[in-house]
Amino acid sequence: DDDTFSNVFCEKSKKLINVHLFALAAKYYSLANLGVCTPLEDMLEALRGDNQGTTDVKTDEFMNNKKSHEVQVMSELVDNIANYCGIKQVVDIGSGKGYLSSFLSMQYNLKVYGIDSSNTNTNGAHERNRKLKKHWKAYQSRGRAELKSQRLEKANDRPVESEIKRKAINEKPLNDSSLQSQRQVTIQDLVPSCGFTEIATSETSKQTEVDLVARAQSDESKLSEEVLNLLNVLPADAVEFFSSSQSNCGELCEEEKAQRKMASLKAKASKSSESNLYFPLTSCITAETELSDIITDLEDCMMVGLHTCGDLAANTLRIFTAKPEIKAVCSVGCCYHLLSEQFENQEDCPEEVRGFPMCQYLKDKGWCCGRNARMSACLALERVAVGQMLPTESLFYRAVLQVIIEEMYGVTKSDRHVGKTFSKSSSFIDYVRKSLKKLELDDSKITDSCIMDYYEKYKHRMNELEAFNMLKVVLAPCIEVLILLDRLCYLKEQDNIAWSGLVKLFDPVKSPRCYAVIALKKQ
């Protein structure tokens, strides 16, 4: 009922009069409560069908905890979407230093183009890949040592495993069609424990050479979880395959030696002629960007973006809907405060494509959020809820600074930014002086005692400031809902979209901007 929250604000003054009801209303209109999101587990299950998920890979040796969580979850989803659509090429928009891009190529063997507007980020992506390759030999040596001990353990466990497999197969008969549909069941798993003629010609016949090779490769690949984690995060072209059969090279016949040498030369030639599966590129992306001008071998692909900043998230969706070769999109936006709005400053380039609103419904209503609301949307309610409080002192410094520059310098608007001056300042005086220099204002116009007078004048209002910011935090999810639903509605308006939805990918405490906008085109 719309009347439920009618008493939150005073009808005449429009001031907040019921804080408890305000908080309840904010919760009611949050994305988690509206029931419009598709659960991640449901989507993965629908994409995979009968196929099982990949082995869980830990990435925290190469990334911090937040980035590791984001990359691991998102890359698994992207791989499943790519497989579902039958594509092998991925375009990562706003790829930064290539954390997601490199992992998609290393772990899932996807061909990834990472596009970022910053040359510094692109160079950082190249350097990161170089470092991963540099450490490969150490991981490989450790892998060999772990493999030996792993084999001894597995040798003791095999009789038990065979008995379990035999019982499982006896309980559930298999036929040709079920074998084909269950891709996770391999031939070498079934041969020792069943007598079906489709798999083995007879109980007494020996295994074919293919089965023996498959068994050897299977044994060779059974490393410990720790080693697998390291192998899987390295580039595909960094791997030098090793095999226990190489130690018996002296016992091979000359013909087999020649065959192996030729195969090795072919492998090296192939590896040297192929580029890395991950290609970092530098380019600024707009709604009018032609990807084929940037990627010469563009083919059927999907677009991804992990925390695409401001308008870049909106432009990613616009490019996706406009280009027939892009079959799917998975975009997690951030930095809502940097979004441009169509109805905020209408005198500035009215024909220019803006980041908000996107859908026709909000355009028809002339909807505008404003910078303050968009700034609020960036706040992290879940983090505050678990005790990660807002930086009240730095916010207080910034508020008093604004009073100073308005009253002492007559400045009410500036294109310059103070940035992270608070963390580099030893006191409020130091903070003000460093900020004035960043804003290119003459700090000699104000004395230290005058600066401290301003501080003392407003110090008693710090609690008031904290309460105000807590109200902004409570409201933050509602504003984020508006922005995300605008993007979803835009996709729903398109005729060429088969499915679109919002999916909560990340733990919001680890990664506050946790919702992905996902869409698949009609085939």
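Me: How much of M389 is open to the outside: is M389 buried, partly exposed or exposed?
Reply: The relative accessible area answers that. For M389 the value is 48%, so the residue counts as partly exposed, because the exposed class begins over 50%. Keep in mind that this is a predicted model.

Me: Where in the chain is M389, and which residues does M389 touch?
Reply: Place along the chain and contacts in space are read separately. M389 sits in the loop between helix 17 (381-385) and helix 18 (392-409). Leaving out residues up to four places away in sequence, M389 touches V384, E466 and M470. Take M470: 81 residues separate M389 and M470 along the chain, and their C-alpha atoms are 9.3 Å apart.

Me: Where is T421, and is T421 buried or exposed?
Reply: T421 is in the loop between helix 18 and helix 19 (428-438). A loop position does not settle the matter; the percentage does. T421 has 2% relative accessibility and therefore counts as buried. With neighbours within four places in sequence set aside, its contacts are Y431, K434, S435 and K438.

Me: What does S283 touch?
Reply: S283 belongs to the loop between strand 3 and helix 13 (291-294). Not counting residues up to four places away in sequence, S283 touches I115, D116, S117 and I294. Sequence distance and space distance can again be set side by side: S283 and S118 are 165 residues apart in sequence, and 7.6 Å apart in space from C-alpha to C-alpha.

Me: Why look for a core?
Reply: In soluble globular proteins, nonpolar side chains tend to be buried together. Here the largest nonpolar core has 73 residues, and those that touch the most other members are M74, L77, I81, M302, M303, L505 and I518. Helix 4 (residues 65-85) gives this core eight residues, the most of any contributor. Another core, of 22 residues, lies apart from it and includes Y397, L401, Y409 and L439.

Me: Which residues does M302 touch?
Reply: Residues up to four places away in sequence are not counted. Among the others that M302 touches are V78, I81, A82, I326, V329 and C330.

Me: How are the strands of the sheet ordered?
Reply: Read a sheet from one edge to the other, not along the chain. This open sheet has seven strands in the order 3-2-1-4-5-7-6, with mixed pairing. Its edges are strand 3 (278-282) and strand 6 (497-504), each of which pairs on one side only. From one strand to the next, the twist averages 15 degrees.

Me: How do strand 6 and strand 7 pair?
Reply: Look at the direction, then at the bridges. Strand 6 and strand 7 (residues 515-521) pair in the antiparallel sense, over seven bridges. L502 has V517 in strand 7 as its bridge partner, and V503 has A516. Strand 7 also pairs with strand 5 in the antiparallel sense, over four bridges; there, V329 is partnered by A519.

Me: Why is strand 7 called largely enclosed?
Reply: Count its buried residues. Seven of the seven are buried, so strand 7 is largely enclosed by the rest of the structure. Y515, V517, A519 and K521 point one way, while A516, I518 and L520 point the other way; all are buried.

Me: Which strands does helix 14 lie across?
Reply: Helix 14 (residues 311-322) lies across strand 1 (89-93), strand 4 (301-309), strand 5 (326-334), strand 6 and strand 7. Its direction is at about 170 degrees to strand 5. There is also a contact of another kind to read: K521 lies over the face of F320, 4.8 Å from the ring centre.

Me: How many aromatic pairs are there?
Reply: The structure holds 13. Each pair is described by a distance between centres and an angle between planes. F5 and Y28 make a tilted pair, with 5.7 Å centre to centre and 50 degrees between the planes. This pair links distant parts of the chain, since F5 is in the segment before helix 1 (19-28) and Y28 is in helix 1, 23 residues apart. Y28 also pairs with Y29, edge-to-face, at 4.8 Å and 90 degrees.

Me: Are F5, Y28 and Y29 buried or partly exposed?
Reply: F5 is buried, at 19% relative accessibility. Y28 is partly exposed, at 42%, and Y29 is partly exposed at 37%. Elsewhere, F396, Y397, F422, F428, Y431 and Y455 form one aromatic cluster.

Definitions and conventions: Residues numbered from 1 in each chain as written. Predicted model: local features only at pLDDT ≥ 70, side-chain atom pairs only at ≥ 80, totals over all residues. Heavy atoms only, no water. Core = buried A, V, L, I, M, F, W, Y, C linked by side-chain atoms within 4.5 Å. Buried < 20%, exposed > 50% of the residue type's maximum accessible area, 1.4 Å probe, protein only. Helix = DSSP H or I, 4+ residues; strand = E, 2+ residues; numbered from the N terminus. Contact = heavy atoms within 4.5 Å. Pairing = 2+ DSSP bridges. Axes fitted to C-alpha atoms, helices over the stretch in contact; angles between N-to-C directions. Phe/Tyr/Trp six-rings, centres within 6.5 Å; stacked < 30°, edge-to-face > 60°. Lys NZ or Arg CZ within 6 Å of the ring centre and 35° of its normal.
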